[in-house]
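Reader: Could you take me through one part of this complex in detail, the place where two of the chains meet? I'd like the contact itself, and then whatever around it helps put it in context.

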Amino acid sequence: MSAGNARLRWRKLVSGFMLAMTGVCALVAVAALFFILGYLVYHGGTSINWNFFTKLPAPVGETGGGMANAIVGSAKLLLLATVIGVPIGFLGAIYLAEFSTGPIAFVVRYAADLLNGVPSIVIGIFAYAVVVLPFKHFSTLAGGFALGIMMIPITLRSTEDFMRAVPNTLREGAMALGASKWRTIATVIVPAAYRGILTAVLLAFARVAGETAPLLFTSFGNHFWSPGWNQPIESLPHMVYIYAISPYEDWQRQAWAAGLVLLGLILIINILARTILARGVSVPRS
Amino acid sequence: MLRRFSALFVVALATSVSLYSQGNLLINGAGATFPNPIYSKWFDDYHKANANIQINYQPVGSGAGIKQVTEGTVDFGGSDGPMNDEQMKAYQDKHGSPILHFPTVLGAAVPTYNIPGVSQTLNFTPEALAGIFLGRVTKWNDPLIASANKGVNLPAKDIVVVHRSDGSGTTYIWTDYLSKVSDDWKNKVGKGTSINWPVGLGGKGSEGVTGLVKQTPNSMAYVELTYAAQNNIPFGAVKNSAGSFVKADLASVTAAAANSSKDMPADFRVSITNGPGKTAYPISSFTWLLIPSKFSDAAKRDALKTFIKWALKDGQNSVEALSYGKLPKEVAAKELKALDQVQ
Amino acid sequence: MAATSTTVHGAGPIAGSRSFIDRVRDGDEIARLVTFVFAGVTVLITLLLVIELWTGSAASRHKFGLNFFFTRVWDPNSGDFGALPFIYGTLVTSAIALAIAVPLGIGAAIFLAELAPARVSDTLQFFIDLLAAVPSVIYGVLGVFIFIPLMREYIQPALSNTLGFIPLFSGPAYGIGFLTAGIVLAIMVIPYIISVSREVLLSVPRDQREAALALGSTRWESTWKVVVPFARTGIMGSIFLALARALGETMAVTMVIGNTPNISASLFSPGYSIAAVIANEFTEATGDLYLQALIELGLVLFLLTFILNGLARILIVATSQRGGGGH
């Protein structure tokens, strides 16, 4: 039986080894996140100063410039994206969860999933054709539109999921009290699902906050403040891109700083969203 | 709490937005990275002097500048490769009126390199340059390079060629020169803002190319003089048509343009590469602003015209500090007259 | 008024037995219409996008036909456009990314699903979800300042010295190129493989594992020979998902790949990808044909990701149904 024991020992050895390797794999994956953060904090942390947040970009080769207009620009673009994307996603999801029947629901869901998978550069092409060319302007509107349609699928699918998770007993209770359908939705179902919906919106927001590719041919870039909605506008991810590939050390340092600010913002929103969700899905899943 | 905060935020945003749109005129331009250092200084200085005029110039490459001014998505363009007849016709067909070229400064495309251990100025013959960019000369110690650089310890390493990945006027200037000095180049590749490069890595914009050269040992690229100068990367001298090796600087670039004022065509589209003159730098060029001849917005038209007048006179005082050459006086005078064509 | 609304109808999307007048009066029909319009807008936008891609590339499709996919030359000067270098670059970098991310990802997923206690597994998954949220341009910055020098100074020379005789690792070490882009992409897609595979593995019914262990297999054997094959289709789905993400990546790739339409056996060579060339050349494409060729590339990218995402969804759904059924 010693041969059998030896074989068993070998198999146990292999088992222990392979399982340890899977642990290593997980470690490597998680370590990547901390490396990224570490580098950004190290290189970007020292470059974040008051100038960065308050000054406009300086002429080429001169130091002392900042990204004030890019920060406000990103805020404007994201505001517009939210205003465009969230209502469409949210209201569309209400239709799917509460009003629709089989085939239409299928088509809408399919379209949303399709839109979700479209590479962001292709969304940029679409926004250029549909907003920039007719208006003959690179603009905040075009950029906000591109980012907005990227927010639609995430908002729509998540909202639908969370609304469906609200148990029917709540709906029936409301109906029994004589509430109309829309009143039920507005006052009972949506508040019950609100945590999940908020999470979905925050995650969609964080997703598009870092997008650069669709902005390349829509919002274009602007050294100054951008008035209104019909002018080109600067954004943080775009500045990161431009400055990172340049040869000027001052610009490169600013790129790190902007990267840190951007990633910090995105991570904070993600953590916030997931904590909201974990804190309590306010209605138990049925 | 959240609601109150978001309402406040939206109000603040809206107020700030409306504040900034009071009385400010924003003019958008796009194009060449070649003159971007001087343009960004000019637009900044001009804005400081005229607080309500903001000229937003995006250095996206001459190719994009030509395209976007033709599409009408920007108010003016910038290019160091003058628009060819086909492109000018396309503009005319689309807008019903021609597009005008206005030279602004003189610049030079220089061969920069990053060879560890070599800090001297290398001499490049036209044959060497064509050979390198055709991919025929592959090592730094190739005889074509070494023969012009006796006494320099050139390593036996591969040359990493870097070129522009985007449509570039600097590319146009460089390939225009190579087409003049090398029949091989002319037949195999030709000149243009976007060409089919036989070898090399692509960098985006003059900034991207300079960045690549700075980081990559044994690399070589062509960039505008300012980029090499500002970033302290060595660049070489080129043999001109009179047979002398000339390094690009104010004197040699100005010398290259010396004859141009006589032969300047009415539309200002001229090539001064490989020109005559013992002290002339052979890869020099004008760079142009592409201005529509018809503006629907009178305020923009007037603002741009005033800016160009400023650039042709006062603006010229700041070009030399950034290693660009001043326009010959006669050329500037001709341009001021031509400005009347902008309606 | 007790007569009208006493029927408690089924909740959810199926309209109950209330009369049309009642629904209108209560505002339900308006609500239905309004939400339908917004749902319709989603469909409309998607439809419009596909139409724009199709019509915007018409001239290019007619001129080049199928040859577009097999032509190496991309020459704006002469109007000759071929997609092969970009398709090649996209596929090569994605293949490298998967070659690295799939073993690592599945390994990590196995650890998270089978070995780690629930709290640890959830915490680690939380971090991995954060990794998925890092935007492409940040990877690009790290690529430019950290990866490229690392590749050029250490990794590529090391590979060259040991495996340089293989064409894959031949050629000078620029730091930039297919290999660097592939490695950056690997980090970007690994979270997708991990989260989906982990979920799929978790949904494999307990009795599968227990049966294997009861028959005397080691922990690893039960995992690798029973659980993972059971979840096989779902894991395939996660790979397709990751691939779809890798194909569409723009910023990180264009910052490290070298932006040269090259087809080369060497992984050290600079190259180009579909997304990168669109990003670089779209705003400067003078002339209709040039722009249309780029839009046609966008159409190709769209179709590729569409097919992959569709397949992924089918596979993942199939696995979870199978797992949920139990035995």
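Author: Start with chain A against chain B, where 29 residues of chain A are in contact with 37 residues of chain B. Keep in mind that this is a predicted model. Put those two chains together and about 2900 Å² gets buried between them, with carbon and sulfur atoms giving 64% of that area. As for charge pairing, the count of salt bridges between chain A and chain B is zero. Polar contacts do turn up: 10 residue pairs across this interface, both partners at pLDDT 80 or more.

Which helices of chain A supply at least two residues each to the side that touches chain B? They are α3 (68-99), α5 (120-135) and α10. The largest share comes from α5(A), and that share is three residues. Sorted by class, the chain A side comes out at 16 nonpolar, nine polar and four charged residues.

Now zoom in on α10 of chain A, since it's one of those contributors. This helix covers residues 236-244 and is mostly covered, with eight of its nine residues buried. The buried ones are Leu236(A), Pro237(A), His238(A), Met239(A), Val240(A), Tyr241(A), Tyr243(A) and Ala244(A).

In the loop between α9 (213-216) and α10 of chain A you'll find Phe220(A). Its backbone deserves a glance: phi is positive, about 70 degrees, although Phe220(A) is not a glycine. Most residues other than glycine have a negative phi. Phe220(A) counts as buried because its relative accessibility is 4%, and the cut-off is under 20%.

Chain B has a residue of that kind too. Phi of Asn274(B) is near 55 degrees, again a positive value in a residue other than glycine. Asn274(B) is found in the loop between α12 (260-263) and β11 (284-292) of chain B. Buried or partly exposed, which label does Asn274(B) get? It counts as partly exposed, because its relative accessibility is 23%.

While you're in chain B, have a look at Asn123(B), which is in strand β5 (residues 123-124). With a relative accessible area of 22%, Asn123(B) is partly exposed. Leaving out residues up to four places away in sequence, Asn123(B) touches Ile145(B), Ala148(B), Asn149(B), Ala237(B) and Phe245(B). One of those neighbours also offers a polar partner: the backbone oxygen of Ala148(B) lies 3.3 Å from a polar atom of the Asn123(B) side chain. For a bit of spacing, Asn123(B) and Lys150(B) are 27 residues apart in sequence, and their C-alpha atoms are 9.6 Å apart in space.

For context, turn to the other face of the story, chain C with chain A. Here the contact takes 77 residues from chain C and 81 residues from chain A. The area buried between chain C and chain A is about 7100 Å², and carbon and sulfur atoms give 81% of it. There are three salt bridges between these two chains. In one of the salt bridges between chain C and chain A, Asp113(A) pairs with Arg313(C), and the closest N and O atoms are 3.4 Å apart. Polar contact is found for nine residue pairs across this interface, both at pLDDT 80 or more. On the chain C side, helix α2 (residues 28-56) gives the most, with 16 residues. By class, that side has 50 nonpolar, 18 polar and nine charged residues.

One more spot in chain A: Val107(A) is in helix α4 (residues 102-117). At a relative accessible area of 42%, Val107(A) is partly exposed. From Val107(A) to Ile152(A) it's 45 residues along the sequence and 15 Å in space, C-alpha to C-alpha.

How far does the predictor back all this? For the complex it gives an ipTM of 0.88 and a pTM of 0.88. Chain C averages a pLDDT of 86, and 91% of its residues score at least 70. Among the elements of chain C, helix α4 (residues 84-115) has the highest mean pLDDT, 94, and helix α1 (residues 20-25) the lowest, 69. Over residues 1-14 of chain C the pLDDT is below 50, and that stretch has 19 contacts in the model beyond near neighbours in sequence.

Key. Residues are numbered from 1 along each chain as its sequence is written. Chains are lettered from A and ligands numbered from 1 in the order in which they are written. Side-chain values use heavy atoms; hydrogens and water are left out. Helices (H or I, at least four residues) and strands (E, at least two) are DSSP runs, numbered from the N terminus. Buried means under 20% relative accessible area, exposed over 50%, partly exposed in between (1.4 Å probe, protein chains only). Contact means heavy atoms within 4.5 Å. A polar contact is a pair of N or O atoms within 3.5 Å; within protein, one must be able to donate a hydrogen and the other to accept it, and residues adjacent in sequence count only if both atoms are side-chain atoms. Buried area is the accessible area (1.4 Å probe) that two parts lose on being put together, summed over both. A salt bridge is a side-chain nitrogen of Lys or Arg within 4 Å of a carboxyl oxygen of Asp or Glu. Ala, Val, Leu, Ile, Met, Phe, Trp, Tyr, Cys and Pro count as nonpolar, Asp, Glu, Lys and Arg as charged, and the others, Gly among them, as polar. pLDDT is the predictor's confidence in each residue, from 0 to 100.
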